[in-house]
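Let's take a walk through this fold, one sheet and a few helices at a time. Have the viewer open and follow along.

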Amino acid sequence: MTFSDFNFDPQLLEGLQSMGYVKPTPIQAQAIPLILQHKDLIACAQTGTGKTASYLLPVLQHISTSDKKHTKALILAPTRELAQQIDQQVEGLAYFAGISSIAVYGGGDGMIYEQQRRAMMDGVDIVIATPGRLIAHLASGVIKLDHLQYLVLDEADRMLDMGFYEDILRIIGNLPKERQTLLFSATMPPKIRTLANTILKDPQQINIALSQPAVGISQQVYMVHDNQKVKLISSLLKGGDYKSVLIFCSRKETVKDLNRTLRREGIKSEAFHSDLEQEQRETVLRAFKSRVLPVIIGTDVLSRGIDVEGISLVINFDVPPDPEDYIHRIGRTARAETTGTAITFVNEKDQRKFSFIENLIGKEIPRMTLPEELGEGPVYSPTTRRPSTGGNNRNGKKKVWVKRKA
Ligand code: AMP
């Protein structure tokens, strides 16, 4: 199957070409025809599968052939980072089709709020919003979404985890009843089913390899004592040819400590966590994306958001609190059919949590032997109590609103 099989507009095909998408991913092959047939959809697909383009392409196709006076599509996303990344994909795919979009998220100064407000008042084609900020705009009474035709909920499970259930229903109360609704979620807990029953009409369902890391990721695990972790990182980074490396730690104190230690070891790294100002985060991400900075150490703030091509190595300095977060962390490498390595360090305390990850993905992750000079690691003998779920938050960068003409 190729993208030409969908009869997309030539401008959209041009956008696809410029983004370097040659072949639809499995979720795209399944979702695009259903969305083009105006079906509501509930899709279980995680980040890294190409889910964003699977809903954007049919929506863009529709908008490119209709009038551009009013907002036609609303995409709700849990975080500013995700909203911005979706917006960037819209910009790339819709570049030749002249479709406009804006990411609407919290934070920033009054000028950003005003830009968002103006864009929505001007009838920007696509609004990509985090629920809280959109409600603030809707509450002002100036923004109307009466002509909306598409509602997309992206990472719906994460939105519910973050407590947005009521906000989502409130937003939907402002939308036309006649619309197409598409719900994407990495997991399908009962609360997502409940939401789907409330807001979708006779939906089609797609399930793309629930909770499975992309096949291109080589997963490895080291059983380590805490005092072996830093030495192991140094040895891995100095021994391998890794150009872009993400290191995840569950706590920001660990991120800061590890960053200081690695820098002392002569490794060019930066820390990324919720204490940084937005500008500082942007600077770090920019340096990383442009390959000036080879190593970022971050909390799970990074794990859902960062969308950088060619990350060759992800290291879990500790085991994430929630097994699903493991999938998100390692999903930063091997994006869409490339390859990458994901290495997890497991100390004695984390062994139980790690066993739940293996249960979730349904296979054993290959155990690696520590370099000889580091000595022996602990023996693996997990017990079986369910680990607790960790929280998450995210961040991103500004966009200036300029209405694009068709
Ligand atoms: P997503 O699952 O939507 O977060 O997409 C994961 C990554 O795959 C993003 O970096 C997309 O730009 C990329 N991508 C999406 N669709 C394709 C495709 N058909 N071919 C190649 N890359 C893609």
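When two parts are said to meet here, that is contact, which means heavy atoms within 4.5 Å. One thing to keep in mind: what you're looking at is a predicted model.

With that cut-off in hand, take helices α5 and α6. Tyr-113, Gln-116, Arg-117 and Met-120 on the α5 side meet Arg-133, Leu-134, Ala-136 and His-137 on the α6 side. The axes of α5 (residues 110-121) and α6 come within 11 Å and cross at roughly 65 degrees. That angle makes α5 roughly perpendicular to α6, and the crossing is right-handed.

Now for what α6 sits on. This helix lies across β2, β3 and β4, and runs at about 105 degrees to β3. Those strands belong to an open sheet of seven, ordered β3-β4-β2-β5-β6-β1-β7 with parallel pairing. β3 (101-104) and β7 (204-207) are at the edges with a single partner strand each, so one side of each has no neighbour in the sheet. On average, neighbouring strands of this sheet are turned by 15 degrees against each other, if you ignore direction.

Starting from the β3 edge, β3 pairs with β4 in parallel over four bridges, and Ile-102 stands opposite Val-127 in β4. Next comes β2, which is joined to β4 (residues 126-129) by four bridges and to β5 by four bridges as well; both pairings are parallel. Leu-76 shows this nicely: its bridge partner in β4 is Ala-129, while in β5 it is Leu-153. What about the faces of β2, covered or open? Both are covered. Ala-73 and Ile-75 are buried on one side, and Leu-74 and Leu-76 are buried on the other.

Two more helices fit in around here. α9 lies across β1 (41-44), β5, β6 (180-185) and β7, running at about 175 degrees to β6. Then there's α8 (residues 165-172), where the buried residues are Ile-168, Ile-171 and Ile-172. Look down the axis of α8 and these buried residues fall within an arc of 100 degrees, so they line one face of the helix. Glu-166 and Arg-170, on the other side of α8, are exposed. And what do the buried residues of α8 pack against? Their partners are β2 (73-76), α6 (131-139), β5 (150-153), α7 (156-161) and α9 (190-199).

On to the other sheet. Here six strands form an open sheet with parallel pairing, in the order β8-β13-β12-β9-β11-β10. Its edge strands are β8 and β10 (269-272), each pairing on one side only. The twist from one strand to the next averages 20 degrees. At the β10 edge, β10 pairs with β11 (residues 295-298) in the parallel sense over four bridges, and the bridge partner of Glu-270 in β11 is Ile-296. Helix α12 (residues 278-289) packs on the sheet, touching β9 (245-248), β10 and β11, and its direction makes about 140 degrees with that of β10.

α15 also packs on this sheet, touching β8 and β13, with its direction at about 155 degrees to that of β8. Within α15 (residues 351-361), the buried residues are Gln-351, Phe-354, Ser-355, Phe-356, Ile-357, Glu-358 and Ile-361. Their cover includes β8 (217-223), α14 (323-330) and β13 (340-346). Just after α15 comes Gly-362, with a positive phi near 70 degrees.

Definitions and conventions: Residues numbered from 1 in each chain as written. Predicted model: local features only at pLDDT ≥ 70, side-chain atom pairs only at ≥ 80, totals over all residues. Heavy atoms only, no water. Buried < 20%, exposed > 50% of the residue type's maximum accessible area, 1.4 Å probe, protein only. Helix = DSSP H or I, 4+ residues; strand = E, 2+ residues; numbered from the N terminus. Arc of directions from axis to C-beta. Pairing = 2+ DSSP bridges. Axes fitted to C-alpha atoms, helices over the stretch in contact; angles between N-to-C directions. Parallel < 35°, antiparallel > 145°, perpendicular 65-115°, else oblique. Left-handed = near helix turned anticlockwise from the far one by under 90°.
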